[in-house]
Structure formats: C-alpha cells, structure tokens
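Work through the exercises below with the sequence and the model at hand. Each task is followed by a worked solution.

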Amino acid sequence: MRLLKLYFLIIIIAISNSYLFAQQEYVTLSGTISEANSNETLIGVTVAIPSLKKGVITNEYGFYSISIPKGSYELEVSYLGYEQILKRVYITSNQKIDFQLNEESQLLDEVVLTNNIEKTEIKKPQMSVHGLSAASIKKIPAILGEADVIKSLLLLPGVSSAGEGASGFNVRGGAADQNLILLDEAIVFNSSHLFGFFSVFNPDAIKDVKLFKGGIPARYGGRISSVLDIYQKEGNSKQFQMNGGIGLVSSRLLAEGPIKKDKGAFLIGGRASYAHLFLALSGNENSAYFYDLNTKLNYKINDNNNIYLSGYFGRDLFGIGNSFVNVYGNSVANFRWNHLFSDKLFSNLSLIYSDYYYGLELDVLGFQWDSGIENFNIKYDFKNYISSEFQLNYGLNNIYYTFNPGLIKPNQESSGIVKQQLTKKYANEFSAYLEAEQKISEKLSVQYGLRWSYFNRLGQDQLGVYENDQAVVFNRDFQIYEAAIPIREESYKRHESLAQFNNFEPRLGLSFMLNENNSLKFSYNRMAQYLHLLSNTSSPTPLDVWTPSGPFAKPQLLDQFAGGFFKNFKEDMYSIESEAFYKTIQNRIDYIDGANLIANDRIEQVILPGEARAYGLEILIRKNRGSLKGWLAYTLSKSEQRTPGASPEETGINNGEWYVTPFDKTHDFSLNATYEQNKKWSFNTNFVFQTGQATNYPLGQYEYRGMNVPLYGPRNQQRLPSYHRFDVSATLTPSKNRNRKVQGEWNFGIYNLYNRRNAAAINFRENSDTGNNEALRTSIFGIVPSITYNFKF
C-alpha cells in the first residue's frame, strides 16, 4: 500500500511541475498530418524543432501538439517514405498548422518493417516494440506468395511460432492466447486463416501495425505476453482509386474514395481463396477456403470532431467430403468519435463489438457443435499534451463477455444425439489507467503509468460445487489426478457474482542517453489476464475454447523486467538493438493427463494452476539505407513452466518439476535482405533457423492384452529436428507504369528454396513387415514457387 501511495505522489508531483512549467511564456503548436494524395492521416510522423532540440510524433489519428516559447523557428516534418517538409514559422500565440506529405515514390503501396529506423527512437523510453507501416512486406517471400503481416513478425527477435501451418504466434516464450490482438481497437480472438497458413489481415487495408513485447504502456491490458495493435486505412477523401492482387491461391481487391471531397471517405476491401475450386475440378470432394471483408467510413464534422465506422468479417471453412465440416471466423465493428477539447487535449470514444464463432459438423457421429465468444466494449481515452517535456494519457474501458462453450444438436434425425446447450458463462472487465511520458533532462526520459483492472465473473446456470472446493482430486493409489464428483449444482442469476478479482498493474520505462547515438533502456510491467484459452496443442486450433477466470481458475499475473542497449551509427545507416528480459507468470493453467477439453461442461475438473517463467537475450542489427537494406535477428531464450502438487502427497504435473513449454525455442535466427537493383527490379531473401519444438518420444513399451503400449518420460524432454529454410523473391515493376493509369508489378517467389522437409510432427508405428518400431516424419511444405500480380489504378 505504501508503494501505491508513493507511486501516486510521484505522479502528482510530476503533473504539478509540468503545469507550472506550462504557465510560463509558452504557446502551443498543433495540427494534423496527412498524406497529400489521399488525406489519409499518418501515424508516427516526427515534428521537430532542431534549434530547441524538441520534437513530437503524431498519434494514432495523425494529431500532434507541442509547446514552445514564442518566437521564430525552423520546423522539420519527416516520415519514412515521404518528402521532408522544412517550414519557417513565427509563433506568438497558440496556432494550428496542418501538413500534407508527398510520397517519395508513387509506386504501389507496400508494407515494410520501419520500427526504430529514426535516430530519435533511441531517446524514447519505450522499448521492446516493433512496427509495420505502409511501404514493402509484399516483397518479403511468403508461402504461396501471399503477403502476410503475422509471418513478417516471425522474422523479428523474440517472436516465433509452433511451425508451418501453426496458428497464432508466440512472444518471448509465451502462449498464443497471451497476445492481445487489436484491429481498430477491436479484439481479434483468432488471427489465422486456414489453420495458420495465412493471417486474417489484408495488407492492402492496413495502415499501421505495432507489436509491443515488453514495457507495454498502461493503456493496454487483458493479455500478458504482447500487444499487436493494428489500424486500418481510413480511405481516400480526394479521389476514387482501387488496388489489389491476383495470386495462385487467393486474390484481393480494395476500393476507396470520397463520400464528400476532403470531408469524408469510404474503404471496402475483400479477399478470397479459391484453391478448393481446383480440388472440385479434380474430383476431390474435400474443401478448404477462406474469405474476409474490411470496411471503413470516416467523416470530418469540423476541425474538432471526426467520426469513424469500421468493420471486419471473415470466415474459414475446412471440410473432408460431407462427413467433417469446420467453420470459424471473426466479426468486429467499431464506432469512434475523435474530439479535440483544446490544442492540448485530444480524446477518442469507442463503441466496439467483437465476435468469434467456431463450429464443427460430424456426419459420422450425427451432430453439429456451435460455440463462440462475443464482447461489447466501450472505451474513452484522453491524451493531454501538457508540455513538450510532459504528456499524459488516461482513460476508462469496460468489456462485457458472453462465452458459449457449445450448443450440440443433431444434424440427422436418426443420429440419436440429444440437443444440449453447454453452460454459458458471463463476465465483465473494467479498467482505468493513467500514464505519463516525461523528459527529465537531456539524457533521461521516463514513461510510467498505473492500470487498475477489475474482473467480475457473473452468475450462470449449473455451477458444480465440490467438497473442499476441489474440482480435481489426487488418487494416491494410482498416483494420478482425477475429476472430482460434484456434491451438488447451483444456479445463479446473471447479476450475481461468482468471483471477483482486481489488480494494480504498474508500468515503468527509462531511457538514458550515453551520447547522441547510444542509449540504455530499462522497463518493468505487471499485467493481468482474466481469460484462458483451453488448449493442449502446441498452437491454437479453431476447436479450442476460451473460458473466464472464476471460482476454479485465477487470473494469470505477469511480472516482466527488460533492459537493453541501443545504438545508431554511420549517420543512422546502421542500428543495433539488444535486449535481455526475464518474466514470471502466476496461475498458468496446466492439464491433468488425459484431459478432455472439447465439449466439456466441467472444465474445472481437468485443469490445475501452475506457474511459468521465460528469460532470454535478443539482438537486432539493421541496415536502414542504401540499395541493400535488411536486418539480422537472433534470440537466445528459455521458456518453462511447472505445476507442483497442492500438498506433499501430490506429485503435481511432471512430478512438480520445471519443464520446457511447447513455445521454447533455444535458438531463433532470421535474416532478411532487400536489394533494389534499379527502379525496375528488386530482390528479397529470408533465411530462418529455429531450435526444434519440444515434444515427447516414447522411451519404451510394454505389452498389455496383446497390444503394445508406449512408455513416456518427463514432459517435453525431446525435440523435433531443427527448423530452417531459405526463401527468395523478385519484384518486377514495368517502367511503362509511369505513363499508365493502371500501375502494376509482378512478384515471383520461391519458398523453401532448398526443399527442406521440416518436421511438423514425428509419429511412431510398428512396421507391418518387420514388426519393428519406426519413426514417421510428417512435413507440410517442401519447395513452393509462387507468382502474384499487384495492381493499382
């Protein structure tokens, strides 16, 4: 409690000092920065005044505000990929100046890794963050030639996946469900199409992407490993235009234009795969396809008010004939209102709806299973530019959840299946935060904040009551965990509370400049996660079930420390980022042996609370300019968890010992390089190497009633073979583009050039001829060529 009082005291003193500072002879320069050709607002534009050694960057809506003494100054406005603006301004009172930037190249929009390229980044206290913005991921070789934001993140340090065809991604040894994924502030529960082959994010519709791995600002909460914050484009309010691409397995098309010129715009984009059509032509009754739709409307009411309406809808279908059909997908909608109270106070009010549906139909068993999770979210955020040395962010957020574990119903009259609704669960999550970014001196900058979260598990039907509140019991005779038998069931009204949790989540970031090109950074953050993804696979599947914290599952709590050295040299042509991290997690769910998670209405009977930890070293070396650009990333890390017994008589999971998680990758190395030969040809290459995924192989076997039964050792003691591959691509931009209304480019790629058969799994079986046991490697991809045509008009 004393720590919290001290924390609030520091914040109050800082705010008071900053307000006193602001009362001096200072005026405010503010405005919005957008793209000249479309009026698309730009995120992260630097507005600097070199003579004062002051600067600011635009927020998520292109707004900036800086307080400076009265006088005449040279103003610099710069953004990667756009022409720099130099403007002399004479300011004697508060003034609003909007800027529009012209692209350095009028070729196709692409997506490129641009984080930490600007020299000023080493001065900011924010660390462990990477960005993607409008400029070249389409040139990065990808499976089947499909540009993919998630696959691009996997080339960065500290980010990995379970392998080819695996859904989601893992950050610093965390599970995929520990990543908060936001699309225009709406929560996305599944980021993958076709079980991980593609991501749900259409690169043509994306405006800005940031991945926070540590030092996460207080405005974010609800997950404990990372935050992936994605904003869609707003639409062109100057002129109508279209762009898209045609690939081997899918195509995309996006249209945007003015509703009212310079006042409002619309954007609508769609993608669809069509590989299943070729299966049908060949007589194959199986199918696998996806489609999605991105939409956005924006309207400028006046200089102080803007409104936005955005949405996303996507579906995947995978079927094996008519006997097995799996359908899943996300639906989100968001209404936002930007309001400028003054030249120093910016606000955003958001009303958000998000739904994730997953369903399964099995004709063999004669039933259909529909389940999902939906939430209604309201948030109100404020950004207060108190002075050029001090900025304050604060806001409120409330999310109401409905969890549907499943509605099981017959799909055939003779199936014998009885319609059953598994017990729905309800919860409400409220949070409030306050965070500040402050420049203490020329060398020291800090970012600090506090988030308070309150989670209320609401009433439901048929909640099991167990003796001693133990839903899992330990069988001392067989030395195994078993499901306890409920002594009774109780039902609660919706407004009643089953369990309540609240947590204070402090955040801190420090940056100390050693000189103009070198800095040291440190961060700490505590975060709480109240939702759990029930999955005993190495990566999420559409059949995994989300469940809220409650009487039998406490929220996960993270404490993460990180420190690093950052350097720019040779006039920012090269940069180095090195970070070390250590994090611990309380209340990480583990499963008893033989746990059944699908359609289980008593999930508390198969889970046990445990703990986890991860630590490692990350290095990122970039070449930022020139004909040859790229980066080299390396991560050395370890990720472990354990579940000890609740009493000395219990063995726990894995005898209560630490064991590596399925997300543990000791070594993770990636290299990306882009060579611009001329305006017509560019080339790109990737090389990836990762330690093999942790798994279990049988150590022996015994015979029981004529069957061979395998014997296994401790959890995750073996590994699959190391994963590595080499990809190449070439992009051809015809020179005649300059004189055409329709501009096009060709992208040629080869994924896994040397045809490495990376193991997705290794299974063991008895050879029917020799009777000996043998290992069978399952691989998903070998060498995969691709060709994509991108166009814009």
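**Exercise 1: strand pairing**

Strand S42 (residues 628-642) pairs with strand S44 (residues 667-676) in the antiparallel sense, over 9 bridges. Strands are DSSP runs of E, at least two residues long, numbered from the N terminus, and two strands pair if DSSP finds at least two bridges between them. The model is predicted: local features need pLDDT of at least 70, side-chain atom pairs count only at pLDDT 80 or more, and totals for chains, interfaces and linings use all residues. Residues are numbered from 1 along each chain as its sequence is written, and side-chain values use heavy atoms, with hydrogens and water left out.

Task: find which residues stand opposite Phe-669 in S42 and S45.

Solution.
1. On the S42 side, Tyr-634 stands opposite Phe-669 of S44.
2. S44 is also joined to strand S45 (residues 681-690) by 9 bridges, and these two run antiparallel.
3. In S45, Phe-689 is the bridge partner of Phe-669.
4. S44 and S45 form a hairpin, with 4 residues between them.

**Exercise 2: salt bridges**

Task: describe the salt bridge between Arg-271 and Asp-292, and state whether each residue is buried or exposed.

Solution.
1. A salt bridge is a side-chain nitrogen of Lys or Arg within 4 Å of a carboxyl oxygen of Asp or Glu. The structure holds 34 of these salt bridges.
2. In the pair Arg-271 and Asp-292, the N to O distance is 2.8 Å.
3. The pair links distant parts of the chain, 21 residues apart: Arg-271 is in strand S21 (residues 264-273) and Asp-292 in strand S22 (residues 287-302).
4. Buried means under 20% relative accessible area, exposed over 50%, and partly exposed in between (1.4 Å probe, protein chains only). Arg-271 has a relative accessible area of 7%, so Arg-271 is buried. Asp-292, at 3%, is buried as well.

Task: compare the burial of Asp-664 and Arg-719.

Solution.
1. Asp-664 forms a salt bridge with Arg-719, and the closest N and O atoms are 2.3 Å apart.
2. Asp-664 counts as buried because its relative accessibility is 2%. Arg-719 counts as partly exposed because its relative accessibility is 27%.

**Exercise 3: a lysine without a salt bridge**

Task: what does the side chain of Lys-383 contact?

Solution.
1. Lys-383 is found in strand S26 (residues 367-387).
2. Lys-383 is buried and has no salt bridge. Counting Lys and Arg as positive and Asp and Glu as negative, with His and the chain ends not counted, the nearest side chain of opposite charge is Glu-437, 5.9 Å away.
3. The Lys-383 side chain makes a polar contact with the side chain of Asn-393 (3.3 Å). A polar contact is a pair of N or O atoms within 3.5 Å; within protein, one must be able to donate a hydrogen and the other to accept it, and residues adjacent in sequence count only if both atoms are side-chain atoms.
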